[in-house]
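Colleague: I am new to reading protein models, and I would love a close look at one part of this one. Could you take me through the inside of it, step by step?

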Amino acid sequence: MEESSFTPEQKLKHDLRHYPVRPHVGVGGVIYWKDKVLLIKRKFNPDAGKWAIPGGHLNLGEPTAEGALRECEEETGLKLKIRHQTDIIDRIDRDSAGNIEYHYVLIDYIMDLVGEYAENNPPIPIAQSDVSEAKFVPFSDLSSYDLTYSVVELFNRLHLL
């Protein structure tokens with residue numbers, strides 16, 4: 001059956017993120033300012049309460065860079081621009097019975113702040129709807145944060161940890 005022929009109820013069941021029937025695409029942004037990187041505290045699962053880079057789900061028909069920019073601006077309230085794609089991370093979580101609980105392909109971008117910032121005028125992220133906190137964290141403090149394992153993998157690849 002073609003996905004477009006699903007009823008709304010069938011499509012919702014088909015598109016579940018928890019115990020999915022297919023991988024989902026997540027997009028995110030690594031945003032630096034001086035010797036800091038922007039982190040958000042996740043409000044929802046997977047990984048509720050852990051720190052990650054801003055990002056979210058790619059919408060149907062949306063190019064990945066546009067989705068990453070949209071999600072990062074929505075979660076932080078900051079104006080941003082894409083510099084370049086940085087990495088792709090596979091995130092496959094299994095439950096204790098070995099079933100796939102979450103499966104994401106995470107496509108991340110390096111992003112730049114838009115605007116003039118200085119020590120006396122720093123960028124101030126404002127946590128939005130699905131984020132409980134957003135802040136710039138010094139690289140030297142990253143190991144003291146409870147980071148998602150996909151962000152640990154990304155930061156290791158970027159030599160931030």
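Which residues touch the most other members of the largest nonpolar core?

Modeller: Happy to! Please keep in mind that this is a predicted model. The largest nonpolar core has 21 residues, and Leu 39, Leu 142 and Phe 155 are the ones that touch the most other members. Several elements come together here: strand 2 (36-42), strand 3 (51-52), strand 6 (100-113), strand 7 (131-138) and helix 3 (149-157) each give at least two residues to this core. Strand 6 makes the largest contribution, with four residues.

Let us start from Leu 39. If we set aside its neighbours within four places in sequence, Leu 39 is in contact with Trp 51, Ala 52 and Ile 53, and also with Glu 133, Ala 134, Lys 135 and Val 137. The list goes on with Leu 142, Tyr 145, Leu 147 and Phe 155. Notice that Leu 142 and Phe 155 appear among the contacts of Leu 39, and these two also belong to the trio with the most core partners.

There is also a second core, separate from this one, with 13 residues, including Leu 38, Cys 72, Tyr 109 and Met 111. Cys 72 is a good place to look into it. Cys 72 sits in helix 2, and it counts as buried because its relative accessible area is 0%, where buried means under 20%. Not counting residues up to four places away in sequence, Cys 72 touches Gly 28, Gly 29, Ile 31, Pro 54, Gly 55, Gly 77, Leu 80 and Met 111. Take Gly 28 from that list: Cys 72 and Gly 28 are 44 residues apart in sequence, yet their C-alpha atoms are 6.6 Å apart in space.

Now let us follow the chain past helix 2. Lys 79 lies in the loop between helix 2 and strand 5 (80-94). Lys 79 has a relative accessibility of 49%, so this residue counts as partly exposed. Leaving aside neighbours within four places in sequence, its contacts are Glu 73, Asp 112, Leu 113 and Val 114. Compare its place with our starting point: Lys 79 and Leu 39 are 40 residues apart in sequence and 15 Å apart in space, C-alpha to C-alpha.

Another loop residue to find on your screen is Thr 148, in the loop between strand 7 and helix 3. With 2% relative accessibility, Thr 148 counts as buried. Beyond residues up to four places away in sequence, Thr 148 touches Arg 42, Asp 47, Lys 50, Trp 51 and Ala 52. Trp 51 and Ala 52 are also among the contacts of Leu 39.

Charged side chains come next. Side chains of opposite charge can pair when their charged atoms come close. A search of the whole structure finds 12 salt bridges. In one of them, Arg 157 pairs with Glu 153, with the closest N and O atoms 2.4 Å apart. Arg 157 and Glu 153 are four residues apart in helix 3, so about one helical turn separates them. Arg 157 is partly exposed at 38% relative accessibility, and Glu 153 is partly exposed too, at 28%.

Helix 2 (residues 64-76) holds a pair with that kind of spacing: Arg 70 and Glu 74 lie four residues apart, about one turn of the helix. Their salt bridge has its closest N and O atoms 3.5 Å apart. Glu 74 is partly exposed, at 42% relative accessibility. Arg 70 and Glu 74 also belong to a network of salt bridges that links them with Glu 62 and Glu 71.

A salt bridge can be found among buried residues here as well. Asp 93 and Arg 91 meet in one, at 2.6 Å from N to O. Asp 93 is buried, with a relative accessible area of 13%, and Arg 91 is buried at 6%.

Last, look for the largest pocket, which has a volume of about 540 Å³. Its lining has 30 residues, and Arg 42, Gly 55, Gly 56, His 57 and Leu 106 lie nearest its centre. Among the elements that give two or more residues to this lining are strand 2, helix 2, strand 6 and helix 3. Strand 6 supplies the largest share of the lining, four residues, just as it supplies the largest share of the largest core. By type, the lining divides into 12 nonpolar, nine polar and nine charged residues.

Methods
Residues are numbered from 1 along each chain as its sequence is written. This is a predicted model: local features need pLDDT of at least 70, side-chain atom pairs count only at pLDDT 80 or more; totals for chains, interfaces and linings use all residues. Side-chain values use heavy atoms; hydrogens and water are left out. A nonpolar core is a set of buried Ala, Val, Leu, Ile, Met, Phe, Trp, Tyr and Cys residues joined through side-chain atoms within 4.5 Å. Buried means under 20% relative accessible area, exposed over 50%, partly exposed in between (1.4 Å probe, protein chains only). Contact means heavy atoms within 4.5 Å. A salt bridge is a side-chain nitrogen of Lys or Arg within 4 Å of a carboxyl oxygen of Asp or Glu. On a 1 Å grid over the protein atoms alone, a cavity is a set of points where a 1.4 Å probe fits but cannot get out, and a pocket is an open set with protein on both sides within 12 Å along at least five of seven lines; lining residues have an atom within 4 Å of a point. Grid points are joined across faces, edges and corners, and a volume is the space filled by probe spheres set on the points. Ala, Val, Leu, Ile, Met, Phe, Trp, Tyr, Cys and Pro count as nonpolar, Asp, Glu, Lys and Arg as charged, and the others, Gly among them, as polar.
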